[in-house]
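The following exercises concern a single protein chain and its bound ligand. Each task is followed by a worked solution.

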Amino acid sequence: MIEDPGSQATTHLPFININKRTKQILIASHSQKKRHPQHMFIVFIIGTAGSGKSLLTASFTDWLRLSKQNVIAVNLDPGVFTLPYTPDIDIRDYIKIEQLMEQYGLGPNGALIMAADLIAEETERLGEEIATFNPDIALIDTPGQMELFAFRASGPYIANELTKEPRALIYLFDSVFSSNPLNYVSNVFLAAAVYNRFFTPQVHVLSKSDLLPPEDMNRIVDWSADPTALEAAIEEKLTGTRRLLSRDVIHAVYRLGLKFLLIPVSAKTNEGFVSLNATLERILASGEKFTP
Ligand code: GDP
């Protein structure tokens, strides 16, 4: 399931040559000199389809701007139809899904996978376009289907190459989906897999906090903060193999020393933005504001 960057050429899809070409470009561009501004922080927003990436990008960009922060919003999803914000930079200006479908005789999914790989080839241009805005912070809305970004070679490559300045990932736990222990554990597992791909500071957000009653939100936050609370929920709510597997997955993640403390956030009401911002500032700017 989690592809090693080195195994991209083994794909059975018809654009195998593109993957090989992408690889060559990745290697060649490693040695090229970057022209990015100083102190530009990049935050990638990642999560499963529908977890709230685009709306968070929209609302958090607005909120940061109101706080007089010099921020831009970047859309990195070539397949998205409509967005709740006007991106300052839009990958759809570089890569057109319909064109790929036509040119290579691909269906929508094949074209999306091809587009995900092609994004890597645009890293240099994207970096230059971001630099023209000279932002202090760029929020990057990643492709709707997380695996296209996180589990192919291009995502970690872009994350590494767009900036050498501190960067971070926001991983979204959809609160409605995560409200039962089985789904919560699945999400922890995915978040651990993403961390394993990027090795970048990762902030964990419980999205859509306005959709659950406060007591339900608090319960999920407790699971994230206290292993015994989560284990008690697994014992209480799950049975049989699901209980055993969930317990083992959680123990494996704890053994790795990974922590998934969740910050409840609503992109509808802006609840939690102060905490999210403080956490990002601590990680990226040593506690200072992004724009002094
Ligand atoms: P993405 O696929 O991860 O980019 O998810 P979207 O941002 O497109 O959101 C998916 C759906 O969830 C949309 O209908 C959003 O309006 C909704 N949504 C996203 N964030 C929130 C939130 O904080 N609160 C509520 N109530 N709905 C949200």
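Which residue in β5 is the bridge partner of Ile 45? In β5, Ile 45 has Ile 170 as its bridge partner. The model is a predicted one, in which local features need pLDDT of at least 70, side-chain atom pairs count only at pLDDT 80 or more, and totals for chains, interfaces and linings use all residues. Residue numbers start from 1 along each chain as its sequence is written.

**Exercise 1. Establish the strand order of the sheet and identify its edges.**

Step 1. Helices (H or I, at least four residues) and strands (E, at least two) are DSSP runs, numbered from the N terminus. Two strands pair if DSSP finds at least two bridges between them.

Step 2. Strand β1 (residues 41-47) and β5 run parallel and are joined by six bridges. Opposite Phe 44 stands Leu 169 in β5.

Step 3. Strand β5 (residues 167-174) is in turn joined to β6 by six bridges, again in parallel. Leu 169 has Gln 202 as its bridge partner in β6, and Asp 174 has Ser 207.

Step 4. Three bridges connect β6 with strand β7 (residues 262-264), and these two run parallel. Here His 204 stands opposite Leu 262.

Step 5. The result is an open sheet of seven strands in the order β3-β2-β4-β1-β5-β6-β7, with parallel pairing. Because β3 (89-90) and β7 each have a single partner strand, they stand at the edges, and one side of each is left without a neighbour in the sheet.

**Exercise 2. Determine whether β5 and β6 are buried or exposed.**

Step 1. A residue is buried if 20 or more other C-beta atoms lie within 10 Å of its own, exposed if 12 or fewer, and partly exposed in between, with C-beta atoms placed from the backbone.

Step 2. In a regular strand the side chains alternate between the two faces of the sheet.

Step 3. On one side of β5 lie Arg 167, Leu 169, Tyr 171 and Phe 173, on the other Ala 168, Ile 170, Leu 172 and Asp 174, and all are buried. With eight of its eight residues buried, β5 is therefore largely enclosed by the rest of the structure.

Step 4. Strand β6 (residues 202-207) has six of its six residues buried. Gln 202, His 204 and Leu 206 point one way, and Val 203, Val 205 and Ser 207 point the other way.

**Exercise 3. Locate the buried and exposed sides of α5.**

Step 1. In helix α5 (residues 123-133), the buried residues are Thr 123, Leu 126 and Ile 130. They lie on the same side of α5, because they cover an arc of only 60° around the axis (taken from the directions from the helix axis to the C-beta atoms).

Step 2. An α-helix has 3.6 residues a turn, so residues three or four places apart point the same way.

Step 3. The face turned away from the buried side carries the exposed residues Arg 125, Glu 128 and Thr 132.

Step 4. After α5 comes Asn 134, whose phi is positive, near 50°.
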